[in-house]
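Hi,

Here is the structure I said I would pass on to you. Have a look at it first, and then read my notes underneath.

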Amino acid sequence: MNTEILPASDAEERRHAVAESVRLLREGAVVALPTETVYGLAADALNTSAVLKIFDAKERPRFDPLIVHLPNAGWLDRVASISDAQEETVAALAKRFWPGPLTLILNRQQIVPDIVTAGLETVAVRVSAHPLFGEVISDFGGPIAAPSANRFGRLSPTAAEHVASELRGRIPLIVDGGATTHGLESTIVTVKGGAIEILRPGPVTAEQLAQFGNVRVAAPSGRVQSPGQLPSHYAPRTRLVLVKDISAFAGERERCGLLAWDRVPPGEQFGETRVMSASGDLSEAAANLFRYLRELDRCGLDLIVASAVPDNGIGKAIMDRLRRASA
Ligand code: TXA
Ligand code: MG
């Protein structure tokens, strides 16, 4: 299959890219689109054979359910069923964080095909804040299933060229909307009464969620509720170790890549080096994380040494991804 990559940098290119995306989605094809978190591989969420193409292109196991993106929060009741106990919290979260990088796990309505939820009685939903994604989904006029546009188990793509390197030849269209803003996948939560449980940390932080209920973080061990919680997820091919203090790393440096937080300690010389945020800004670090891991992964190194970042705010999500990459 020939993969077209359409730019969207001016109004005319953008109109064309949106129209092509909508046309393909209506035909039951898949399209890679930018969102504010990572690039997604989109298909008509209510069309089983279209959704199957997502699983095939990604080589994703069928037991791993997809996120359903809604044109707006008004669609919530059509795909999900919200209990009385959840209602207040869900409404408050949707009002505050949508459109945006928050995914809610809710009981599903029967309209959602089994293939999307992997047979679960729950469905993951969010409304993307990316303007191009927003245009596509409102013109399309219905829910769009979209996991990250990478092969299963690999790093999520934060730029169109990352998608191309993983899925070229397997999908008809990639829309190039530039680098994504957050660079990390959405925060995934469940709501039980007034309690909010974080299944996957992300750009919407525990601190932000705490205004809306008691926040719990799902235990990393025990029963896996979502394959995104599998420790081996989000991994580069090169082995990665996570260290608190770079200077304490005992290995030889020459064949190693360094992914540093805000600086390289004086005297340290690695084969390749990337600094996530020289100004010590966690949001900037998150936006650079997957791009730098991909760059280091391509260098043919023996090992990537990643340094820990402050474990607060979006730093929790960065640490979560680094821990998984090192598993
Ligand atoms: O930012 C994002 O969330 C991106 C963009 C494209 O929207 N999407 C994304 O999708 O990261 P994906 O499929 O790569 O990750 C979704 C995670 C998976 O780990 C999946 O197992 C989990 O959400 N998930 C989906 N439905 C679920 C459900 N009903 N219960 C529990 N986990 C669910
Ligand atoms: Mg993914």
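Start with Pro99, which you will find in the loop between helix 4 and strand 6 (102-108). The peptide bond leading into Pro99 from Trp98 is cis, with omega near -5 degrees. If you are wondering what is odd about that, most peptide bonds are trans. Keep in mind that this is a predicted model, so everything here is read from a prediction.

Two more spots caught my eye for their backbone angles. Most residues other than glycine have a negative phi. Glu59 goes the other way: its phi is near 55 degrees, a positive value, and Glu59 is not a glycine. Look for Glu59 in the loop between helix 2 (48-58) and strand 4 (67-69). Ala118 is the other one, with a positive phi of about 55 degrees although it is no glycine either. Ala118 is in the loop between helix 5 (114-117) and strand 7 (122-126).

Are these two buried or exposed? Neither, quite. Glu59 has 46% relative accessibility, so it counts as partly exposed, and Ala118 is partly exposed too, because its relative accessible area is 26%. The partly exposed class runs between the 20% and 50% cut-offs.

Now back to helix 4, this time for its charges. Asp77, Asp84, Glu87 and Glu88 form a negative surface patch. Which element gives the most to that patch? It is helix 4 (residues 84-97), with 3 residues. Asp84 is a good one to click on: this residue lies in helix 4, and it counts as exposed because its relative accessible area is 70%, where the class needs over 50%.

For a contrast, go to Asn288 in helix 9 (residues 282-297). With a relative accessible area of 16%, Asn288 falls under the 20% cut-off and is therefore buried. What does its side chain sit beside? A polar atom of the Asn288 side chain lies 2.9 Å from the backbone oxygen of Met276.

One last pair, if you want to practise with the distance tool: pick the C-alpha atoms of Asn288 and Val215, and you should get 27 Å. Along the sequence, Asn288 and Val215 are 73 residues apart.

That's my list. Happy to go through any of it with you over coffee.

Cheers

Note on methods
Residues are numbered from 1 along each chain as its sequence is written. Chains are lettered from A and ligands numbered from 1 in the order in which they are written. This is a predicted model: local features need pLDDT of at least 70, side-chain atom pairs count only at pLDDT 80 or more; totals for chains, interfaces and linings use all residues. Side-chain values use heavy atoms; hydrogens and water are left out. Patches are made of residues with over 30% relative accessible area and no salt bridge: like charges are joined within 9 Å, nonpolar side chains (Val, Leu, Ile, Met, Phe, Trp, Tyr) within 5 Å. Accessible areas come from the Shrake-Rupley method with a 1.4 Å probe; for residues, only the protein chains shown count as cover. A salt bridge is a side-chain nitrogen of Lys or Arg within 4 Å of a carboxyl oxygen of Asp or Glu. Lys and Arg count as positive and Asp and Glu as negative; His and the chain ends are not counted. The place of a charge is taken as NZ of Lys, CZ of Arg, CG of Asp or CD of Glu. Helices (H or I, at least four residues) and strands (E, at least two) are DSSP runs, numbered from the N terminus. Buried means under 20% relative accessible area, exposed over 50%, partly exposed in between (1.4 Å probe, protein chains only). A polar contact is a pair of N or O atoms within 3.5 Å; within protein, one must be able to donate a hydrogen and the other to accept it, and residues adjacent in sequence count only if both atoms are side-chain atoms.
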